Amino acid sequence: MHLVMILNALAVAWWLRSSWNQRQGNWSLRWQRSLFLFLFPPLLIFMTAIAVLFMGPQGQMGGMYTGSISYLLALIYLAFFAISCIKLAFQGWQSVESARNYPLVNVGDKQARMLQTGALFAGQIGFWQPELVVSQGLVQTLSPAHLESVLAHEQGHHHYRDTFWFFWLGWVRYCTAWLPNTEPLWEELLALRELRADGYAALQVDPLVLAESLLLVVSSSPVLSEICCAALGSSGADRLEQRVEALLAPPEAPPETQLQSWHGFLLAFLPLLTVIFHS
């Protein structure tokens with residue numbers, strides 16, 4: 001019976017992920033739909049595995065005997081999730097420690113770590129309290145107005161705690177790469193993250209200046225890992241046109257995520273209710 005639960009969870013997860021397509025819509029609708037389809041299938045599988053692990057390898061459920069195979073599968077899956085989290089957290093910690101070795105300088109009215117490279121780079125590196133890291137090439141190349149727009153964009157990442165939340169989303173991506181549309185959904189979330197930070201910055205600086213800065217920075221190669229890092233050009237050149245068009249449109253702050261948008265995730269916890277039917 002436990003194996004049936006696992007297979008059902010896998011089937012639902014596969015079906016939901018396969019249903020994703022790049023539909024047009026405003027920022028809020030795209031974000032909610034992409035986040036749901038990215039997170040809900042792994043969460044459903046994860047909760048099913050926890051339920052099977054909690055019920056144990058012996059007993060009955062719905063008049064059917066349970067076996068050790070499903071219990072072992074759930075244990076292996078949860079162990080893989082735990083080991084992956086530890087691995088990514090260690091890599092993120094290494095990135096943070098590496099950033100802290102850079103000299104601390106004043107850039108505009110903010111303190112930042114100075115990366116000694118001619119490449120154009122600006123990003124937040126860390127977890128809940130990230131640090132701003134800028135390259136020497138960025139400071140020397142950009143005008144004060146362009147530099148201010150870049151810093152405003154990075155302040156948007158800090159405001160929304162993007163490095164923290166996308167560390168966990170990156171963990172989900174790593175553990176569920178075998179599900180359909182994992183990479184397209186990840187790229188969509190990255191692009192929406194950048195659009196959100198662009199929108200935040202556009203309320204403080206000239207959007208046209210920010211668009212010009214974006215064109216300069218995205219053309220430069222990335223110099224740091226994406227783990228625990230949120231940088232101006234991290235969504236890639238393939239999303240550049242979309243971001244520039246959004247900046248040239250009338251500035252509009254993206255709405256904060258409402259509590260109602262999380263209600264659908266409660267369905268992923270339904271497998272835990274099956275525990276009461278186990279004996």
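In this predicted model, helix 6 comprises 14 residues (162–175), which at 1.5 Å a residue should span 20 Å; its end C-alpha atoms lie 20 Å apart, in agreement with that expectation.

The buried residues of helix 6 are D162, T163, F166, F167, L169, G170, W171, V172 and C175. These buried residues pack against several elements, namely helix 2 (27–55), helix 3 (68–99), strand 5 (122–125), helix 5 (144–159), helix 7 and strand 7 (229–231).

The loops on either side of helix 6 each contain a non-glycine residue with a positive phi value. R161 is in the loop between helix 5 and helix 6, and N181 is in the loop between helix 6 and helix 7. Because buried means under 20% relative accessible area, R161 counts as buried at 19%, whereas N181, at 23%, is partly exposed.

| Residue | Phi | Relative accessible area |
|---|---|---|
| R161 | near 55° | R161: 19% |
| N181 | near 65° | N181: 23% |

Helix 7 (residues 182–202) also meets helix 9 (residues 240–248): their axes come within 10 Å and cross at roughly 25°. Angles under 35 degrees count as roughly parallel, and helix 7 and helix 9 are therefore roughly parallel to each other. Their crossing is right-handed. On the helix 7 side, the contact involves E194, L195, D198 and A202, while helix 9 contributes Q242, R243, A246 and L247. The residues of this contact divide into 4 nonpolar, 1 polar and 3 charged.

How values were computed
Residues are numbered from 1 along each chain as its sequence is written. This is a predicted model: local features need pLDDT of at least 70, side-chain atom pairs count only at pLDDT 80 or more; totals for chains, interfaces and linings use all residues. Side-chain values use heavy atoms; hydrogens and water are left out. Axes are lines fitted to C-alpha atoms, for helices over the stretch in contact, and angles run from 0 to 180 degrees between N-to-C directions. Helices (H or I, at least four residues) and strands (E, at least two) are DSSP runs, numbered from the N terminus. Angles under 35 degrees count as roughly parallel, over 145 as roughly antiparallel, 65 to 115 as roughly perpendicular and the rest as oblique. A crossing is left-handed if the near helix is turned anticlockwise from the far one by less than a right angle, and right-handed if clockwise. Contact means heavy atoms within 4.5 Å. Ala, Val, Leu, Ile, Met, Phe, Trp, Tyr, Cys and Pro count as nonpolar, Asp, Glu, Lys and Arg as charged, and the others, Gly among them, as polar. The expected span of a helix is 1.5 Å times one less than its number of residues. Buried means under 20% relative accessible area, exposed over 50%, partly exposed in between (1.4 Å probe, protein chains only).
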